Protein chains: 2
Amino acid sequence: MADGMIHVFGHTNPDTDSISCAITMANLQNQIGREAQSYRLGEINKETQYALNTFEFKKPDLLSNLDNNTNVIMVDNNEFSQSVSGIENAHIQMVVDHHRLNLQTAEPVHCIAEPVGCASTIMYKLYKQDDVTITPKIAGIMLSAIISDTLMFKSPTCTEQDKITAERLAKIAGIDLYDYGYKLLEAGTDISSYSGLEIIHIDSKNFQHKDLKLTISQINSSNLEEVFKRKPEIEQAIEQRIQTENIDLFIFLATDILAANSKAIVLGNKTDIFEKAFQTKLISNTALLKGVVSRKKQILPAIIETLEQKIQL
Amino acid sequence: MADGMIHVFGHTNPDTDSISCAITMANLQNQIGREAQSYRLGEINKETQYALNTFEFKKPDLLSNLDNNTNVIMVDNNEFSQSVSGIENAHIQMVVDHHRLNLQTAEPVHCIAEPVGCASTIMYKLYKQDDVTITPKIAGIMLSAIISDTLMFKSPTCTEQDKITAERLAKIAGIDLYDYGYKLLEAGTDISSYSGLEIIHIDSKNFQHKDLKLTISQINSSNLEEVFKRKPEIEQAIEQRIQTENIDLFIFLATDILAANSKAIVLGNKTDIFEKAFQTKLISNTALLKGVVSRKKQILPAIIETLEQKIQL
């Protein structure tokens, strides 16, 4: 077993939950007497920066690769394809996640995965279990993650547990849940200063299932038309990513939280899989997906199911 | 999400922990108001039968395949290759395990994996968390699993938590831990009535790592010489398994708990991987592995590490 400080981090293209979990898990480890530090695997988005500013956290240091046998805790992610370079040779001490499982380890590890809306909801429970005080600052950053991941409780991934936890955390943080929540989400929807490549990079995840290399990128917006004014630029950026990363299927989703719809731009040589999965026909590479807001619960399972059917045929 | 009764089961070639966890998890689900039933994925070994007899449990029904979308809870295992036919299309509700992780799901699942010596140690915690009474019978079967998996606390996989849990369970069950424990382990070492094929089947697990199809079979014995009197018969059985199942590397371990050694018979076309992993030379297909008693903690990681090095070269 490796010695030394535990590196705690979420997924690449970190969202508010990945950053929050890294901070709160490193703090939890410190409180129970273990040396640990939080890291980020990429740039901080505007929503996360708003949360960090509000609760007065510095952004974690950037981590771009791991030395062999580094002690790590993976939070809000368990897939190596969404983790840091060198993760294959790290010593994984613990995994706390709420995504599908796609993990192969050589030795047994401590893994807590629950199908809740936000990994920070699990972090809250771990603080309770270990009897570690949740300070107003810690409560604030946990709460930000729950608001972000559940889209203010509107996502189908949201559970009663996420909601109850958020309400408790708002009390500890001493803030108005809904007032702060909408300000936080609003902070993340401003894409005016981003290039096309930056827009599709804000919250982009790569998946490998069987032979398919899939990327699903998502942004939230209260004004889908405004996003689609920049369609040519976004398409060009997607084509560029497809070329350089050999992606088979790239799905870009602009999600309107309040309307609970997503409008997709889909490119690659396997767009038929998308069309089959959602029984739709792409027009100018786009489709409106009514009631679809969750990559994890709605997009990815539909794609995987379609792939599995294809294989069985 | 699928409806209907939850099927609870451990791994194929069930050991005492797999049977115990299936029984105690199904009971836990029943106690919290969910319809669930325990199953076994193979014949009951003599040790497990001794435990079932002592605490007056009937053996669970045999399960040989699953209908699509059946609700399942996987206990003491998370690898499809060691599970029931049809598991790929089941609706996995929960996983409780203490082995390495090798699981790919389409959707998020509830997974509790801890690097403890026995999955029943985790089951004990779940009863406590859910505030469900542990009856003397349930305590007895949980305890049997811990004794079995940790080889009466002598395995390197055993943790302080396993030991403390076993002591608490012995009190609830109202039995003498060590007296019962050695009787239980002794019941499992009698191979006199088994054929060669049966001997290598008692506790045999299949692994697939990269291109390697690996089987590791293990028996406990207080008298390794007696086991090795039957070497020709065991070798013949292994060759037969290798042929019919296209196994690349078959490792059979006879483990002497008290001496903390294992004597291996190794066959297949990839025995060089074994020799490299343990820096040993097989003589007449055998090697003595001093201090090696755990498949999970000592054999499998060494093989995987060797494979990974081979790939990097």
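**The interface of chains A and B, and the ties within chain A**

Chain B and chain A bury about 2,300 Å² between them, with carbon and sulfur atoms giving 54% of that area. Three residues stand out on the side of chain B: L101(B), Q104(B) and P108(B) supply 26% of the area that chain B buries against chain A, more than any other three residues. The model is predicted. In terms of contacts, 27 residues of chain B meet 27 residues of chain A.

What kinds of polar pairing cross this interface? The rule finds seven residue pairs in polar contact between chain B and chain A. The count of salt bridges between the two chains is zero.

Next, the elements involved. Strand 6 (100–108), strand 7 (110–113), strand 8 (204–209) and helix 11 (295–312) of chain B each give two or more residues to the side that touches chain A. Strand 6 of chain B gives the largest share, nine residues. By class, this side of chain B has eleven nonpolar, eleven polar and five charged residues.

Strand 6 also pairs across the two chains. Strand 6 of chain A and strand 6 of chain B run antiparallel and are joined by five bridges. Within this pairing, Q104(A) stands opposite N102(B).

Now the salt bridges. Over all chains, the count comes to 22. Side chains of opposite charge can pair when their charged atoms come close. Three pairs in chain A serve as examples.

Start with E79(A) and R100(A). Their side chains meet in a salt bridge, at 2.8 Å from N to O. E79(A) lies in the loop between strand 4 (71–75) and strand 5 (91–97) of chain A, while R100(A) lies in strand 6 of chain A, so the pair ties together parts that are 21 residues apart in sequence. Are these two residues buried or exposed? E79(A) has a relative accessible area of 4%, so it is buried, the cut-off being under 20%. R100(A) is buried too, at 2% relative accessibility.

The second pair is E114(A) and K125(A), whose side chains form a salt bridge at 2.9 Å, N to O. E114(A) sits in the loop between strand 7 (110–113) and helix 3 (119–129) of chain A, and K125(A) sits in helix 3, so this salt bridge links parts that are eleven residues apart in sequence. E114(A) is buried, at 8% relative accessible area. K125(A), in contrast, is partly exposed, at 28%.

The third pair joins R295(A) to D203(A), with the closest N and O atoms 2.8 Å apart. R295(A) belongs to helix 11 (residues 295–312) of chain A and D203(A) to the loop between helix 7 (196–201) and strand 8 (204–209) of chain A, so parts that are 92 residues apart in sequence are tied together. R295(A) counts as buried at 9% relative accessibility. D203(A) counts as buried at 15%.

Strand 8 leads on to strand 9 of chain A. The two pair in the antiparallel sense over six bridges. Here Q208(A) stands opposite K213(A). Their hairpin has two residues between the strands, and K210(A) takes a positive phi near 50 degrees.

Strand 9 of chain A also pairs with strand 10 (residues 249–256) of chain A. These two run parallel, joined by seven bridges. I219(A) of strand 9 stands opposite A254(A) of strand 10. How much of strand 9 is covered? Strand 9 (residues 212–220) of chain A is mostly covered, with eight of its nine residues buried.

Conventions: Residues are numbered from 1 along each chain as its sequence is written. Chains are lettered from A and ligands numbered from 1 in the order in which they are written. This is a predicted model: local features need pLDDT of at least 70, side-chain atom pairs count only at pLDDT 80 or more; totals for chains, interfaces and linings use all residues. Side-chain values use heavy atoms; hydrogens and water are left out. Contact means heavy atoms within 4.5 Å. Buried area is the accessible area (1.4 Å probe) that two parts lose on being put together, summed over both. A salt bridge is a side-chain nitrogen of Lys or Arg within 4 Å of a carboxyl oxygen of Asp or Glu. A polar contact is a pair of N or O atoms within 3.5 Å; within protein, one must be able to donate a hydrogen and the other to accept it, and residues adjacent in sequence count only if both atoms are side-chain atoms. Helices (H or I, at least four residues) and strands (E, at least two) are DSSP runs, numbered from the N terminus. Ala, Val, Leu, Ile, Met, Phe, Trp, Tyr, Cys and Pro count as nonpolar, Asp, Glu, Lys and Arg as charged, and the others, Gly among them, as polar. Two strands pair if DSSP finds at least two bridges between them. Buried means under 20% relative accessible area, exposed over 50%, partly exposed in between (1.4 Å probe, protein chains only).
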